[in-house]
Amino acid sequence: MTTVVDTRPFDVSVDGATLARLTAREREVLRCMARGETNRVLARQLGIAERTVRAHVTSVVRKLEVGSRFEASLVAFHHYEALAEEATAS
């Protein structure tokens, strides 16, 4: 039996330079995405419109060169500490 993992593993490896392309707000949105938050919840937490959250998510997916919000969330999950460190350094 073939599993999804066998047919298409997610490559969530990104380098520091790729993460550095994200703005502080995009990194904040990405960290929230790693926790599985919906756009509506993200908007409430960040005090911005849901439409603005969608724009940030679209930008994050494009800058990380991943195929979807899910893959961006996997990147965030695997690099959560690095994203948090960048936030405190800013």
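**Exercise 1. Describe the overall fold of the protein chain.**

The protein chain has 7 helices and 0 strands. Helices (H or I, at least four residues) and strands (E, at least two) are DSSP runs, numbered from the N terminus. The model is predicted: local features need pLDDT of at least 70, side-chain atom pairs count only at pLDDT 80 or more, and totals for chains, interfaces and linings use all residues. Residues are numbered from 1 along each chain as its sequence is written, and side-chain values use heavy atoms, with hydrogens and water left out.

Step 1. Read the order of elements. From the N terminus it is α-α-α-α-α-α-α.

Step 2. Check burial. Of the 90 residues, 37% are buried. Buried means under 20% relative accessible area, exposed over 50%, partly exposed in between (1.4 Å probe, protein chains only).

Step 3. Check contact range. Take contacts between residues at least 6 apart in sequence: 64% of them join residues at least 24 apart. A contact means heavy atoms within 4.5 Å.

Step 4. Look at the surface. The chain exposes about 5,700 Å², and carbon and sulfur atoms supply 54% of that area. The areas come from the Shrake-Rupley method with a 1.4 Å probe; for residues, only the protein chains shown count as cover.

**Exercise 2. Work out how α3 packs against α5.**

Step 1. Locate the helices. Helix α3 covers residues 24-34, and helix α5 covers residues 50-64.

Step 2. Get the geometry. Their axes come within 10 Å and cross at roughly 95°. Therefore α3 is roughly perpendicular to α5. The cut-offs: under 35 degrees is roughly parallel, over 145 roughly antiparallel, 65 to 115 roughly perpendicular, and the rest oblique. Axes are lines fitted to C-alpha atoms, for helices over the stretch in contact, and angles run from 0 to 180 degrees between N-to-C directions.

Step 3. List the residues. On α3 they are R25, E26, V29, L30 and M33; on α5 they are H56, V57, S59, V60, K63 and L64.

Step 4. Classify them. The contact holds 6 nonpolar, 2 polar and 3 charged residues. Ala, Val, Leu, Ile, Met, Phe, Trp, Tyr, Cys and Pro count as nonpolar, Asp, Glu, Lys and Arg as charged, and the others, Gly among them, as polar.

Step 5. Compare with burial. The buried residues of α3 are E26, R27, V29, L30, R31, C32 and M33. Just after α3, G36 takes a positive phi of about 85°.

**Exercise 3. Trace three salt bridges and the exposure of their partners.**

Step 1. Count. The whole structure has 4 salt bridges. Each is a side-chain nitrogen of Lys or Arg within 4 Å of a carboxyl oxygen of Asp or Glu.

Step 2. Take E26 and K63. Their closest N and O atoms are 2.9 Å apart. The pair joins α3 to α5 across 37 residues. E26 is buried because its relative accessibility is 5%. K63, at 17%, is buried.

Step 3. Take R21 and E65. Their N to O distance is 3.9 Å. R21 sits in the loop between α2 and α3, E65 in the loop between α5 and α6, 44 residues apart. R21 is partly exposed at 41%, while E65 is exposed at 64%.

Step 4. Take R40 and E50. Their side chains meet at 3.7 Å, N to O. R40 lies in α4 and E50 in α5, 10 residues apart. E50 is partly exposed at 31%.

**Exercise 4. Place N39 in its surroundings.**

Step 1. N39 lies in helix α4, residues 39-46.

Step 2. N39 is buried because its relative accessibility is 16%.

Step 3. Leave aside neighbours within four places in sequence. N39 then contacts E50, V53, R54, V57 and R69.
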